[in-house]
Amino acid sequence: MSEEKLEVVRPFGDAEIEAHAAKVGGRRNLREVIVKTDDGYAFHYLVKKPSRSIIQAIVNYEAKKDVTAQQKIMLGCVLEGDKEAYENDGGIYGELVGKIGELTKTSRAAIKKI
């Protein structure tokens, strides 16, 4: 079994993570998304969980059947990473949007009869 070597593209470090954490309510609201491509790259993106205002904007855009909802997600949630890569590679873009969408489902709620 051979492990394939990937070229890592991670244009941010701990200093950037801490700076963003201070702006978004702490590290608990940050995630690192790693997108591996078929040509041997691993692109790392620092994203924040979608805030209430981002989710409201997305709902408004989707209600109007406006395709800029995904663009809103990317602008509002991707804090660091290779923007040129996701702008030019639909596979990277799609994976990022999908993973950010999953972040809205990371909390659990319960309804209890009282």
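Which residues of helix 5 are buried? In this predicted model, the buried residues of helix 5 are Ile92, Leu96, Val97 and Ile100. Seen down the axis of helix 5, these buried residues fall within an arc of 130°, so they line one face of the helix.

## Overall architecture

The chain contains five helices and four strands, and their order along the sequence follows the pattern β-α-β-β-α-α-β-α-α. Taken along the principal axes, the C-alpha atoms fill a box of roughly 55 × 35 × 30 Å. Of the 114 residues of the chain, 33% count as buried. Among the contacts with a separation of 6 or more, 57% are accounted for by residues 24 or more positions apart.

## Strand pairing

Strand 3 (41-48) pairs with strand 2 (30-36) in the antiparallel sense over seven bridges. Within this pairing, the bridge partner of leucine 30 is lysine 48, and that of arginine 31 is valine 47. The hairpin formed by strand 2 and strand 3 has four residues between the strands, and glycine 40 there takes a positive phi near 90°.

Strand 3 also pairs with strand 1 (residues 7-9), in the parallel sense and over three bridges; here valine 8 has alanine 42 as its bridge partner in strand 3. Strand 4 (78-80) is joined to strand 3 by two bridges, and these two strands run antiparallel, with glutamate 80 of strand 4 serving as the bridge partner of leucine 46. Seven of the eight residues of strand 3 are buried, so this strand is largely enclosed by the rest of the structure.

## Histidine 44 in strand 3

One residue of strand 3 to examine is histidine 44, which has a relative accessible area of 11% and, because this value is under the 20% cut-off, counts as buried. The side chains of histidine 44 and glutamate 32 are joined by a polar contact of 2.5 Å. Leaving aside neighbours within four places in sequence, histidine 44 is in contact with Val8, Val9, Arg10, Pro11, Phe12, Glu32, Val33, Ile34, Glu80 and Gly81.

## Nonpolar cores

The largest nonpolar core has 19 residues, of which Tyr45, Val47, Val78, Ile92 and Leu96 touch the most other members. At least two residues of this core are supplied by each of strand 2, strand 3, helix 2 (52-63), helix 3 (69-77), helix 4 (83-88) and helix 5 (90-102). Helix 5 gives the most to this core, with four residues. A second, separate core of six residues includes Phe12, Ala21, Val24 and Leu46.

The surroundings of valine 47 can be listed in full: not counting residues up to four places away in sequence, valine 47 touches Asn29, Leu30, Arg31, Val33, Cys77, Val78, Leu79, Leu96, Ile100 and Leu103.

## Helix 1

In helix 1 (residues 14-23), the buried residues are Ile17, His20 and Ala21. They cover an arc of only 105° around the axis, which puts them on the same side of helix 1, whereas Ala15, Ala22 and Lys23, on the other side, are exposed. Strand 2, strand 3 and strand 4 are included in what covers the buried residues of helix 1. Just after helix 1, glycine 25 takes a positive phi of about 85°.

## Helix 5 and its N-terminal end

Helix 5 has 13 residues, which at 1.5 Å a residue should span 18 Å, and its end C-alpha atoms are 18 Å apart, which agrees with that expectation. The N-terminal end of helix 5 is capped by aspartate 89, a side-chain oxygen of which lies 2.8 Å from the backbone nitrogen of glycine 91.

## An exposed leucine in helix 3

Is leucine 75 buried or exposed? Leucine 75, which lies in helix 3, has a relative accessibility of 64% and therefore counts as exposed, the cut-off being over 50%. The C-alpha atoms of leucine 75 and isoleucine 54 are separated by 9.6 Å, and these two residues are 21 residues apart along the chain.

Key
Residues numbered from 1 in each chain as written. Predicted model: local features only at pLDDT ≥ 70, side-chain atom pairs only at ≥ 80, totals over all residues. Heavy atoms only, no water. Core = buried A, V, L, I, M, F, W, Y, C linked by side-chain atoms within 4.5 Å. Buried < 20%, exposed > 50% of the residue type's maximum accessible area, 1.4 Å probe, protein only. Contact = heavy atoms within 4.5 Å. Polar contact = N/O pair within 3.5 Å; in protein donor to acceptor, adjacent residues only side chain to side chain. Arc of directions from axis to C-beta. Expected span 1.5 Å × (residues − 1). Pairing = 2+ DSSP bridges.
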